[in-house]
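Work through three short exercises on one protein model. Try each task before reading its solution.

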Amino acid sequence: MDMPIPQTKLADPKECGHVTLIDHANDKQYELPVLEGSEGPNVIDVQKLYRDTGYFTYDPGYTSTGSCNSQLTFIDGEKGILRHRGYAIEELAEKSDYLEVCFLLLYGELPTAAQKAEFGREITYHTMVHEQLQYFYRGFRRDAHPMAVMVGVVGALSAFYHESTDIHDLEKRRLATHQLIAKMPTLAAMTYKYSIGQPFIYPRNDLPYSENFLYMTFSVPSEEYKINPVLSRAMDRIFILHADHEQNASTSTVRIAGSSGANPFACIAAGIASLWGPAHGGANQAVLAMLREIGSKDRIPEFIKRAKDKDDPFRLMGFGHRVYKNYDPRAAILRESTHEVLDEVGVKDEPLLDLAIELERIALEDDYFVERKLFPNVDFYSGITLKAMGFPESMFTPLFALGRTAGWIAQWKEMIKDPHQRIGRPRQLFTGPTLRPFVPIEKRS
Ligand code: ACO
């Protein structure tokens, strides 16, 4: 891109005090610096803890561990707040569009009109994928899960766009970033087309981002395809709502993969693999499966009982969140869009939606869910909306991956530019056997 673009620089965190660590066993005392950000809780800086004390911290699941310094996304889970670069998700979902949010995440500011036009042109220019990639698709079984295909084809981009894999060159990094945002809709649509045996549809660069994606997904060469503005707006909104979410499992995966110097395509493929799990992005598909399993409103109490039973692995899919201990703001926005889409496609009495709303009502009144602050999350509504739009359930998680690519790549880019960046390498508490002599095979019992 020719035009100047705002470049944000990571500020060094400010020290604002210290905490004292008292080691009673060894009769020692250590001072640990406390750092403050612009918002959110202060953190204890333990970077030199091992060097100074000989101790590691122990935090499986990283519930009390900050892994990086970031300026992208702020979440206050207690208050149900989500902001990107200071802008509330509610305002972005209402007044912005997905490409603008991509620009905001990547470059730190909302684009001016000229920057928006230039960025749009640049992304549009890269929407096609190498023709050879078609043959890559043809190696997969038609009934392969779309996430399995996405992990493969996104990782394979590094073989097709090798010139973009030099992470030390700013222009090449920018190219890879734009290629990923541009090509993800094409790859996701191709994945869908392949699974149903229809021809791949080339992108149409006269269409806006989300419309183009719907066109590549749902049009066929033999018929004219009319884009429904309500559906394309809902699609764009779903992408905005999934664009970034701080240091979740898949984003942390992207960062840790990238911390070794791996190329961005490989890192995003790693993020897709992590997102696939049912405790993360796979939950939107799991919500539909669960609603179908429940089947009717009168069976809800039975499933609520199962969700509360510690001896039963069943959980209410689409409920609970590691950081939101209040209503997920994205779920509130999507709840509205769900109804707009259902009205538009004429599904007035979608039984699964009725069931979902009743389930939500009962769970929100139940002491177990209230005490644990288990509210519906974004996956609870995204599945129903996407189903009404005509997507098969297996495509729900690839669509999440498509939207989240903006956040993954912006987080990766931020990490690469961080002067304090080092390879990610957590430690462990070893509880296995200590040294023992090798036992020859004839003496093993
Ligand atoms: N149904 C029933 N009970 C639940 C649920 C649920 N969905 N979620 C949490 N709990 C209970 C736990 O059993 C635990 O109870 P306890 O304190 O009596 O032991 C308590 O609530 C805390 O749960 P944790 O598992 O410790 O919470 P954690 O932060 O580790 O897990 C997670 C968060 C994985 C999202 C969890 O709530 C869950 O499995 N939800 C269902 C899957 C889902 O919707 N995932 C989507 C996440 S959002 C996203 O990726 C966009």
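**Exercise 1. Find which residues of helix H11 are buried, and what covers them.**

Step 1. The buried residues (under 20% relative accessible area, 1.4 Å probe, protein chains only) of H11 are Pro264, Phe265, Cys267, Ile268, Ala269, Gly271, Ile272 and Leu275.

Step 2. This is a predicted model: local features need pLDDT of at least 70, side-chain atom pairs count only at pLDDT 80 or more, and totals for chains, interfaces and linings use all residues. Residues are numbered from 1 along each chain as its sequence is written, and side-chain values use heavy atoms, with hydrogens and water left out.

Step 3. Place the helix, a DSSP run (H or I) of at least four residues, numbered from the N terminus. H11 covers residues 264-275 and has 12 residues. From first C-alpha to last, H11 reaches 16 Å, close to the 16 Å expected at 1.5 Å a residue.

Step 4. Look for the cover, by contact (heavy atoms within 4.5 Å). It includes helix H6 (146-160), helix H7 (170-196), helix H10 (249-258) and helix H18 (396-417).

Step 5. Check the start of H11. There, a side-chain oxygen of Asn263 reaches to within 3.0 Å of the backbone nitrogen of Phe265.

**Exercise 2. Describe the largest cavity and one residue of its lining, Thr186.**

Step 1. Fix the term. On a 1 Å grid over the protein atoms alone, a cavity is a set of points where a 1.4 Å probe fits but cannot get out; lining residues have an atom within 4 Å of a point.

Step 2. Count and size. There are five cavities of 30 Å³ or more. The largest has a volume of about 90 Å³.

Step 3. Read the lining. Among its residues are Met128, His130, Glu131, Thr186, Phe200 and Tyr202. By class, the lining holds seven nonpolar, three polar and one charged.

Step 4. Turn to Thr186. Thr186 sits in helix H7. Its relative accessible area is 2%, so Thr186 is buried. Leaving out residues up to four places away in sequence, Thr186 touches Thr127, Val129, Pro203 and Met216.

**Exercise 3. Which helix gives the most to the lining of the second largest pocket?**

Step 1. A pocket is an open set with protein on both sides within 12 Å along at least five of seven lines. The second largest pocket holds about 330 Å³ of space.

Step 2. Its lining has 21 residues; Leu99, Leu207, Pro208, Tyr209 and Ser210 lie nearest the centre.

Step 3. Helices H3 (98-107), H4 (113-125), H7, H8 (209-218) and H9 (229-242) each supply at least two lining residues. H8 gives the most, with five residues.

Definitions and conventions: Grid points are joined across faces, edges and corners, and a volume is the space filled by probe spheres set on the points. Ala, Val, Leu, Ile, Met, Phe, Trp, Tyr, Cys and Pro count as nonpolar, Asp, Glu, Lys and Arg as charged, and the others, Gly among them, as polar. The expected span of a helix is 1.5 Å times one less than its number of residues. Buried means under 20% relative accessible area, exposed over 50%, partly exposed in between (1.4 Å probe, protein chains only). A polar contact is a pair of N or O atoms within 3.5 Å; within protein, one must be able to donate a hydrogen and the other to accept it, and residues adjacent in sequence count only if both atoms are side-chain atoms.
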